[in-house]
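Here are some exercises to work through with the model open beside you. Try each task before reading its solution.

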Amino acid sequence: MSKIVVIEHLTLDGVMQSPGLPDEDTRDGFEYGGWAEAGNDPVMMKVQSKYMSSSWSLLVGRTTYEGLANAWKDQSRDQSIAKALSNVEKFVASTTMVEPLPWENSILLKGNIPETVAQLKKEHNKTIVIFGSGELVQSLMQHDLIDEYVLMIHPLVLGKGRRLFLGDGSLAHLKLVDSVTTDTGVIIATYRTVLEQ
């Protein structure tokens, strides 16, 4: 049995869209891409690398998979991160992609994604980490499949953009288990899901 850990960059108003690059995700005319770049900090990298250096697998949706592949398949960029992402087992949730997937160690998930991920969670023996992949995360949240959230909350309000937590009436109880503030003012808060109150 494994646990699913979501690692996300968020603004104070909950926006998660396009944190890394200007053209990462321009859906709905979003023009603030790359907003998280100013908050990059060694503390942030240390927290993320804690999950990437342990026994882990990556779970992503199609958009995030394609963005990561484009950014990190070239191992000359940052060799330690590129190597970790290339070597890790990658599960890809997509209804439009077909095998073989273009990035090594990639497995396409088929069928009903929440059911497939629930089964994967039961059978897998490594921590399953999700970066980005907002629609996938929201789908898994509705089925109580997320165990932990590592939220990197940037001191920024954008006023628009796709958000991690939707106003759809879903109830979730979370327990703060760790927090650290970086030199750039980013609060990295780690929450565990509490299934019953």
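## Exercise 1: Q138 and its surroundings

Q138 is buried, at a relative accessible area of 15% (buried means under 20% relative accessible area, exposed over 50%, partly exposed in between, with a 1.4 Å probe and protein chains only). Before going on, keep in mind that this is a predicted model, where local features need pLDDT of at least 70, side-chain atom pairs count only at pLDDT 80 or more, and totals for chains, interfaces and linings use all residues. Residues are numbered from 1 along each chain as its sequence is written, and side-chain values use heavy atoms, with hydrogens and water left out.

**Task.** Work out where Q138 sits and what its side chain reaches.

**Solution.**
- Step 1: find the element. Q138 belongs to helix 5, residues 134-142 (helices are DSSP runs of H or I with at least four residues, strands are runs of E with at least two, and both are numbered from the N terminus).
- Step 2: list the contacts, skipping neighbours within four places in sequence. That leaves R163, L164 and L166 touching Q138 (contact means heavy atoms within 4.5 Å).
- Step 3: look at the side chain. It comes to 2.8 Å from the backbone oxygen of R163.

## Exercise 2: Salt bridges

**Task.** How many salt bridges does the whole structure hold, and which parts do the pairs D147–K121 and E135–R162 join?

**Solution.**
- Step 1: get the total. A search of the whole structure turns up eleven salt bridges (a side-chain nitrogen of Lys or Arg within 4 Å of a carboxyl oxygen of Asp or Glu).
- Step 2: start with a pair inside one helix. E66 and R62 pair up with their closest N and O atoms 3.0 Å apart. They are four residues apart in helix 2 (residues 62-72), so about one helical turn separates them. E66 is partly exposed at 34%, and R62 is partly exposed at 32%.
- Step 3: move to D147 and K121, whose side chains form a salt bridge at 2.9 Å, N to O. D147 is in the loop between helix 5 and strand 6 (148-154) and K121 is in helix 4 (residues 113-123), so this pair ties together parts 26 residues apart in sequence. D147 is partly exposed at 25%, whereas K121 is buried at 7%.
- Step 4: now take E135 and R162, a salt bridge of 3.4 Å, N to O. Here E135 in helix 5 is linked with R162 in the loop between strand 6 and strand 7 (173-181), 27 residues apart. E135 is exposed at 52%, and R162 is partly exposed at 28%.
- Step 5: follow the chain of partners. E135 and R162 belong to a salt-bridge network that also includes D25, R27 and D28.

## Exercise 3: The largest pocket

**Task.** What lines the largest pocket, and which element gives the largest share?

**Solution.**
- Step 1: take the volume, about 1,500 Å³. For a pocket, a 1 Å grid is laid over the protein atoms alone, and an open set of points where a 1.4 Å probe fits must have protein on both sides within 12 Å along at least five of seven lines; lining residues have an atom within 4 Å of a point.
- Step 2: look at the lining, which has 48 residues, with E24, T64, L68, F131 and G132 nearest the centre of the pocket.
- Step 3: assign elements. Strand 1 (4-11), helix 1 (42-52), helix 2, helix 3 (79-87) and helix 5 each give two or more residues to the lining. Helix 2 gives the largest share, eight residues.
- Step 4: sort by type. The lining divides into 19 nonpolar, 18 polar and eleven charged residues.

## Exercise 4: Backbone oddities

**Task.** Where do S133, D144 and P100 lie?

**Solution.**
- Step 1: recall the usual case. Most residues other than glycine have a negative phi, and most peptide bonds are trans.
- Step 2: check S133. Its phi is positive, about 55 degrees, although it is not a glycine. S133 is in the loop between strand 5 (127-131) and helix 5, and it is buried at 8%.
- Step 3: check D144. Its phi is also positive, near 55 degrees, and D144 sits in the loop between helix 5 and strand 6.
- Step 4: check P100. The peptide bond from E99 to P100 is cis, with omega near 0 degrees, and P100 is in the loop between strand 3 (90-93) and strand 4 (106-109).

Conventions:
Polar contact = N/O pair within 3.5 Å; in protein donor to acceptor, adjacent residues only side chain to side chain. Points joined across faces, edges and corners; volume = space filled by probe spheres on them. Nonpolar A, V, L, I, M, F, W, Y, C, P; charged D, E, K, R; others polar.
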